[in-house]
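Subject: A structure for you to look at

Hi,

Here is the structure I promised to pass on to you. Have a look at it first, and then read on for what turned up in it.

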Amino acid sequence: MLWRKRTLFLMAIDALLVNLALFLSFYMRFEDGIPHEYVMTYYYSVWAATLIYLAVFYAFGLYKRLWQYASIGELLLIVFAATIGTAATVTVVYFIAPMRLPHSVAALLWFTTLFLVGASRFAWRILQENVLTPHVPGSQKQVLIVGAGDAGAVAVRELKNRNYHEGRPVGFIDDDPKKQHLQLMGIPVLGTHKDIPRVVNNHNIDEVIIAMPSASGEAIREIVQITEKSGVDLKILPGVYDLLSGTVDTKEIREVQVEDLLGREQVSVDLQEVAGYLAGETVFVTGGGGSIGSEICRQITRFNPGKIVILGHGENTVFDIEQELRSEHPGIEIATEIVDIKDREKIQLVFERYHPGVVFHAAAHKHVPLMEKNPEEALKNNIVGSYNLAETADRVGVKTFVLISTDKAVNPTSVMGATKRVTEMIIQSMGRRSKTKFVAVRFGNVLGSRGSVIPTFKKQIKKGGPVTVTHPDMVRFFMTIPEASQLVIQAGAMAQGGEIFILDMGKPVKILDLARDLIRLSGFEPDVDIKIKFTGMRPGEKLYEELLTAEEGTSATKHKRIFVAKPSPVETEKLEEIIHIIRERGSYLSKDEVVELLQTVIPTFRKQNAKTVANQ
């Protein structure tokens, strides 16, 4: 086999090097030749040293290393092996040779063996990097790396590992004054981020790589804007949002994405806590074919569930996620159910068939303007559908039920937001009287979900614009799909019953800034290449969203990024009354009647706003 031939070849080289090291040690000790009385000691030492060093090197795994990637770890390994080999050789020679080995020879043996063996190993790496993969002038991109820290070093190593086929680093940019005019891995720091245009021009830079995974969104945005004015390609070392999904390695360099400009610390998951309540359980995911639901399914596979049951109304999306999970996780049992959550009877049959232990409820009508035009459907799906799931979960003894809510449920001005607030009330009410732990998770807009702002902007940019923004001052909270999904799963682990969990999502982001950033990242100049058009606020929209009502307030949890809203009073009788009315007359309710019905449990819901919409 090849590895055996390679091992024998390396052992033969080491045998020669050990013999050479011993000869040099005696020669340096006895410059006029080995004295007669030490000749036999020398011969005994040759055999002992050869056998002992080879055995020690083999035991230390020196023959299993890829030496073209040798680093400090391999050097330390050689030091340890040479030290133990020398000590063992001196000990054995002491007992078998006619004369003891001189101390100076022993010291020289350790040094020369370490030098020769180390040099032989690192020679291949030096040869690989400097001879076998020479730089061909003009054939590769000149790369400037922003960030002369650990991430910058990773970027340099990654370019080297790719044999500079994707660019050769010529300098660093870093704002730390202590790093100016110094070198990292032999590459100079050429200035701060304000010097990027000068450095790009003076060094003929073709590409800039941002290597600052912990930088704020504002800092990355500023670098992006400065770099794009220089007309060079821009890439980034993956940071928070790529690592969340687990789909990329920290050494992969990719294009800058709009998510990088949010620059918020990731939500970490307590793996042990989460695994404890999901392991071995049958887990239901409603809306399992949607953006959030499908990602929850993917995340659940990490925690050894007994079975995942995907519930959805759209057969194509359910089919897609089922095929993906079966392909990537053949050891996990997957089941699918095409079901409308408004169908109370079918929901009961499905729950009794599988007896789930955990339910993640992601199914909902979520588009604000669409639900303003079809308010009765929002009532039937979001309120009655959720109640069907909750009451059935209570009856069959589900352990944990997690509702996915939205910041639009806080002081709602839209029908969609109001229905989600009522759904939260249902969860809080059920949580007070059920053995099932009912909780809700409230968060803002999800980047990349179907129908959300980013995919819409991308389609508009692809068509050449204009990019439509409803209002120049509109702001929203944002998070990524993996981040939202992990938050939902973590909330289930923390559930006691009746809570509304809220994510600290940092600062809200201006939609206009998001549009401009995305246009720039697509290689265009806002308002020059791609126009931005203001269309006016749509029915039910607000300029800004909130995460809490004035009455709620928050209290901390053991998770530093997750808070729990203080419970608000819920009138169970009124909830049950409107659910009864929707079940009896849901499809026949007028728009005004929908608003009046919602106002019975949400007095702050503005009737005049909805009437304006109803008359449009």
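Contact, in what follows, means heavy atoms within 4.5 Å. Please also keep in mind that this is a predicted model.

Let me begin with alanine 493, where that term is needed. Alanine 493 belongs to helix H17 and is buried, with a relative accessible area of 18%; the cut-off for buried is under 20%. Once its neighbours within four places in sequence are left aside, alanine 493 is in contact with Glu273, Val274 and Tyr277. Glutamate 273 is 220 residues away along the chain, yet the C-alpha atoms of alanine 493 and glutamate 273 are separated by 6.2 Å.

Now the overall picture. The protein chain has 616 residues, of which 51% count as buried. Its secondary structure comes to 21 helices and 22 strands. Among contacts with a separation of 6 or more, 76% are between residues 24 or more positions apart.

Helix H17 has a further partner to look at. The axes of H10 (residues 291-300) and H17 (residues 481-494) come within 9 Å and cross at roughly 65°, and the crossing is right-handed. On the H10 side the residues that meet H17 are Ser291, Ile292, Glu295, Ile296, Gln299 and Ile300. Their counterparts in H17 are Ile481, Pro482, Ala484, Ser485, Gln486, Val488 and Ile489. The spacing along H10 fits a familiar pattern: an α-helix has 3.6 residues a turn, so residues three or four places apart point the same way.

Next comes H14, which spans residues 375-396. This helix of 22 residues reaches 31 Å from its first C-alpha to its last, close to the 32 Å expected at 1.5 Å a residue. Of those 22 residues 18 are buried, so H14 is largely enclosed by the rest of the structure. Just after H14, glycine 397 takes a positive phi of about 85°.

One residue to pick out in H14 is asparagine 388, which is buried at a relative accessible area of 0%. Beyond its neighbours within four places in sequence, asparagine 388 is in contact with Ile341, Lys342, Asp343, Arg344, Ile347 and Arg583.

Lysine 342 deserves a look from its own side too. Lysine 342 sits in the loop between strand E10 (333-338) and H12, and at 27% relative accessibility it counts as partly exposed. Not counting residues up to four places away in sequence, lysine 342 touches Glu377, Lys380, Asn381, Gly385 and Asn388. Lysine 342 and valine 384 are 42 residues apart in sequence, but 6.3 Å apart in space, C-alpha to C-alpha.

Which residues have the most contacts inside the largest nonpolar core? They are Leu379, Val422, Ile426 and Leu598, in a core of 51 residues. Leucine 379 is in contact with Val384, Val415, Thr419, Ile582, Leu589, Val594, Leu597 and Leu598, leaving aside neighbours within four places in sequence. A second, separate core has 39 residues, including Ile300, Ile308, Val318 and Val441.

On to the aromatic residues: the structure holds eight aromatic pairs. One of them joins phenylalanine 284 and tyrosine 354, edge-to-face, at 5.8 Å centre to centre and 75° between the planes. Phenylalanine 284 lies in strand E8 (residues 282-286) and tyrosine 354 in helix H12 (residues 344-354), so the pair ties together parts that are 70 residues apart in sequence. Both rings belong to buried residues: phenylalanine 284 has a relative accessible area of 0%, and tyrosine 354 is at 17%. Elsewhere, Phe26, Phe30, Tyr42 and Tyr43 form one aromatic cluster.

Last, a residue from helix H2 (residues 36-59): threonine 41. Is threonine 41 buried or exposed? At 0% relative accessibility it counts as buried. With neighbours within four places in sequence left aside, threonine 41 is in contact with Val93, Ala97, Pro98, Met99, Arg100 and Leu101.

That is the tour. Happy viewing!

Best wishes

Definitions and conventions
Residues numbered from 1 in each chain as written. Predicted model: local features only at pLDDT ≥ 70, side-chain atom pairs only at ≥ 80, totals over all residues. Heavy atoms only, no water. Helix = DSSP H or I, 4+ residues; strand = E, 2+ residues; numbered from the N terminus. Buried < 20%, exposed > 50% of the residue type's maximum accessible area, 1.4 Å probe, protein only. Expected span 1.5 Å × (residues − 1). Core = buried A, V, L, I, M, F, W, Y, C linked by side-chain atoms within 4.5 Å. Phe/Tyr/Trp six-rings, centres within 6.5 Å; stacked < 30°, edge-to-face > 60°. Axes fitted to C-alpha atoms, helices over the stretch in contact; angles between N-to-C directions. Left-handed = near helix turned anticlockwise from the far one by under 90°.
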